[in-house]
Amino acid sequence: MFNDVVGRSVSDWYPILNWNKLPNFGSCHTKSCMEDFSNSYYRDEQIVTLYINICETLKGNFSSANVRLAGDPGAGKTSFLYAIKKFSETAKAEHILSKFYFYILHINKVDDLDKEENYKKEIIYHVKRAWKEFYFNCGQSDRYLRFKNQDLTNKDLVNKLSDYYKNHKSDFNKIMVFAVDDVDLLPGDHVSSIVDLVLKNIEIGSVKKWLVIRKTTFDNYSASTKKKIEQFFPDPYQYPSISLYKVVKYRIEKACVDKKCKTPFSKELCDNTIMSICEGNMREGLSLLKSVLEENGPGDFSHSVDEKIIQNYLAKCAVKTLASSQKLIDLHANLFKLSNFPIAVDILLCTRQHSSIDIVFGGVNDCLLKRNVNAGYLVGGKGHTFKLIQSDFNDVLKLLIEHGLIIKPDKNRIKLTEKGVITANFCNGDFYFDYCYEKNRLHLEDDTYWQLAKRSLDHKEIMDTYQVWKNKR
């Protein structure tokens, strides 16, 4: 049905990049095959160090093996959990992980998250399931089925399985690790209840309990919730932030047969732009890079084109993907258009040069004057001087603050956020303007605005000139 129309696809890039297939730009913990998982899971020195330290803690069988793993959202904490689990399933008998069975509960998949009763039922169900898999893994399947056939409730069955293990540990050749992931997607008071429920249903000290959480979420919990988590998960580990560029390069090299395969994304785009705009979320970053490749074809590139040329091309094209995915704010949208001038663009770029609101106001006024002169005095005549209206400046500044591009640390000062810095890097360029023009021109039919907005300015020069006077001798 789709074969009768010629379409463009990401596969158009394959002969240019020397790829034989699309590398994995998604999660790696869903890979069932160990080889596929390993080919997607990037390890650097920091991750290996974390892994070794956790193994040493497990080897010592310390009570502190109740681990609390914190890190940025989407940074790879879940993949790290599954890496340990998968390795434990294939590890040689002499390796410490071969002595442990890992069960991972994704608590965010519970239905009706606003009801504590649902957490209770779900956790009891998963504790029962964990015991079942643990019994089967340790060659105790007959024992489990014997208890199961007694027609017990989930809670009673959990107690039965727990009590038997407690009194017959020598019959089991492994120790269970029960890991709760994705708790940071729940309200803080629910997290406190979950901690209680997990501990209540797995009271045995030899069963290790792990909690995986975002550091920023943990820091924002109430004092009582933080105290409870710290008390029962006393062994804190910080999952390291890693380079998106290195992850992508690793996956490309593992996926491609040709050793001369090219990496189409620069380190600057990956680590400074994408990761900043995604606030460190590796999962979102990978998805965005895939979209950049899908939405921007190779055009007339030859097979021999240099990798750097491709990287520079996609770095410029990325603005379209970032803007369409709402990661990059459209400063030419009707929301920001309070006059015939692109005030939002000029405020952002002048704030790069100075933090004083008064000086930024003066600089923006000079920017708009310069735009008007360059456009042939579209607003007023040649003998008139344009003046920025204070209320227009204040209203646009308020919008930029609301959209997280600027912060106001005190009454008279403003500062770009990380998101603001990224937007400022793009918003004075042709690719950004062209995208915003195509998107908004039907809504902003006034050609005066676009004539004034399309002319790029040297905002540093304008701000320098505004602040400096020539000496008169």
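This report looks at aromatic ring pairs and one strand hairpin in a predicted model.

## Aromatic pairs

A pair of aromatic rings is described by the distance of the centres and the angle of the planes. The structure holds 30 aromatic pairs. One of them joins Tyr42 and Tyr250. Their ring centres are 5.7 Å apart, and the planes meet at 70°. That makes the pair edge-to-face.

Where do Tyr42 and Tyr250 lie? Tyr42 is in the loop between helix 2 (34–40) and helix 3 (45–59). Tyr250 is in helix 11 (residues 244–255). The pair therefore ties together parts that are 208 residues apart in sequence.

Is Tyr42 buried or exposed? Its relative accessibility is 14%, so Tyr42 counts as buried, because the cut-off for buried is under 20%. Tyr250 has a relative accessible area of 16% and is buried too.

## A cluster of rings

Tyr165 and Phe172 form another edge-to-face pair. Here the centres are 5.1 Å apart, with 80° between the planes. Both residues are buried.

Tyr165 and Phe172 also belong to a cluster linked by ring pairs. Its other members are Tyr101, Trp131, Phe134, Tyr135, Phe136, Tyr144, Phe147 and Tyr164. One member, Phe136, has a charged neighbour: Lys132 lies over the face of the Phe136 ring, 6.0 Å from the ring centre.

## A hairpin

Strand 6 (residues 406–410) and strand 7 (residues 413–416) run antiparallel. How many bridges join them? There are 3. In one bridge, Ile406 partners Leu416 of strand 7. The two strands form a hairpin, with 2 residues between them.

Notes
Residues are numbered from 1 along each chain as its sequence is written. This is a predicted model: local features need pLDDT of at least 70, side-chain atom pairs count only at pLDDT 80 or more; totals for chains, interfaces and linings use all residues. Side-chain values use heavy atoms; hydrogens and water are left out. Rings of Phe, Tyr and Trp (its six-membered ring) pair if their centres lie within 6.5 Å; planes under 30 degrees apart count as stacked, over 60 as edge-to-face and the rest as tilted. Helices (H or I, at least four residues) and strands (E, at least two) are DSSP runs, numbered from the N terminus. Buried means under 20% relative accessible area, exposed over 50%, partly exposed in between (1.4 Å probe, protein chains only). A charge sits over a ring if NZ of Lys or CZ of Arg is within 6 Å of the ring centre and within 35 degrees of the ring normal. Two strands pair if DSSP finds at least two bridges between them.
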